[in-house]
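Hi everyone, thanks for coming. I'd like to take a few minutes to walk you through one site in a model I've been looking at.

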Amino acid sequence: MRSFLTELAHVAGKIARQHFRSLGHQATSKKGRNDYVTFVDRNIEETLSVRIKSQYPDHLIVGEETHEAFGDYEGPAWIIDPIDGTTNFVRGIPHFAISIAYCEKNFEPKFSVIYDPMKDELFFAEKNAGVWMNNERIYTSNCKTLEESMIACAAPFRSMDATDDVFAIIKELQPQIDDIRRAGCCALDLAYTAVGRCDAYWELGIWPWDTAAGELMVRCAGGIVTDVRGNEGDLLTRRSIIAAATPELHALLSKACARLQPWLDKAPYTDHLVALQKQA
Ligand code: IPD
Ligand code: CA
């Protein structure tokens, strides 16, 4: 499975590199406010889906651009973000990634890969085994305090309702921590947390394809991942995430992010993948 995932990541990365900084404006369309998609996202997702289906015809594929109806399916599934960080990609900012998670059953990721094609960095995770960056075994940092922490996050850019709360958290955190990063690629925020470049990452508004590969990676590297309410096993309904290198830092960050909890009961955060499947 490791070599198959690596092959998928490299094939996808090659397509992304071929089209990077050569997209005209016509090549970009909007799915919603500040929600871009390009033919490259679609091309990569289609390429990956065809390869996976030719090897595993019965497996389910949940991709950012197209997802099959899954009802109460519990079998093998692939969760794919063809380009995580599409806004960076269309603007020519070389910080985006291909994110692929394989779940053997119950939508629990067992293997995952995150590939940054511009830096040729490949992060691979296997449940109960570990995480490797370009074949080097990696671990989260040992950061236990806010003072020493570099914390990745996101500013609201699609739904703006929670903006005040998100910026209130950033305002409270910033004087207490080393620094924050809003780099625009959730998968790499998680991979960087797994490898110890960042110590934690939090965001309201994510989807399973943003986080499936990365959350396995952070856990396999020694870190903790939950939503803002502290729930761990909620991949399909996940719309928020707190990932941290250590339980101590996770607890401090969860406390700092507590004001986000009520948002999970409000639209658009009640529109999670399971709810959307029921409406379809
Ligand atoms: C987005 C990026 C961004 C994060 C958003 C994601 P996309 O993914 O990861 O950093 O803040 O929540 O949706 O749309 O570029 O694949
Ligand atoms: Ca994404």
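**The calcium ion and its neighbour**

Let's start with a pattern in the sequence: the donors of the calcium ion, ligand 2, are spaced as D-x2-D-x125-D along the chain. What does that spacing span in the fold? Asp81 belongs to strand β4, residues 77-84, while Asp210 belongs to helix α6, residues 208-220, so this pair ties together parts that lie 129 residues apart in sequence. Please keep in mind that this is a predicted model.

Now to the coordination itself. The calcium ion is held by OD atoms of Asp81, Asp84 and Asp210, at 2.1 to 2.2 Å.

Are these side chains buried or exposed? For Asp81, the relative accessibility is 0%, and this residue therefore counts as buried. Asp210 has a relative accessible area of 11%, and because the cut-off for buried is under 20%, Asp210 is buried as well.

Stay with Asp210 for a moment, over in helix α6. A polar atom of its side chain lies 2.8 Å from the backbone nitrogen of Trp207. So Asp210 has a polar partner in the protein as well as a place among the calcium donors.

Let's move on to ligand 1. Which residues come nearest to ligand 1? Of the 16 around it, they are Asp84, Gly85, Thr86, Arg158 and Glu203. You'll recognise Asp84 from the calcium ion.

Here are some polar contacts with oxygen atoms of ligand 1. The backbone of Gly85 offers a polar atom at 2.8 Å. From the side chains, a polar atom of Glu64 sits 3.1 Å away, and one of Asp81 sits 3.4 Å away. How much of ligand 1 does the protein bury? On its own, ligand 1 exposes 370 Å², and 97% of that is buried by the protein.

What is the shell around ligand 1 made of? By class, there are seven charged residues, six nonpolar and three polar. Strand β4 gives the largest share, with three residues. Both domains take part too: domain 1 (2-138) and domain 2 (150-265) each supply at least three residues.

If you take one picture away, make it Asp81: a buried residue that coordinates the calcium ion and has a polar side-chain atom 3.4 Å from an oxygen atom of ligand 1. Thanks, and I'm happy to chat!

Technical notes: Residues numbered from 1 in each chain as written. Chains lettered and ligands numbered in written order. Predicted model: local features only at pLDDT ≥ 70, side-chain atom pairs only at ≥ 80, totals over all residues. Heavy atoms only, no water. Donors = N, O, S within 2.8 Å, 3.2 Å for Na, K, Ca; no water. Helix = DSSP H or I, 4+ residues; strand = E, 2+ residues; numbered from the N terminus. Buried < 20%, exposed > 50% of the residue type's maximum accessible area, 1.4 Å probe, protein only. Near = heavy atom within 4 Å. Polar contact = N/O pair within 3.5 Å; in protein donor to acceptor, adjacent residues only side chain to side chain. Areas by Shrake-Rupley, 256 points an atom, 1.4 Å probe, with all protein chains shown as cover. Nonpolar A, V, L, I, M, F, W, Y, C, P; charged D, E, K, R; others polar. Domains from an automatic or database assignment.
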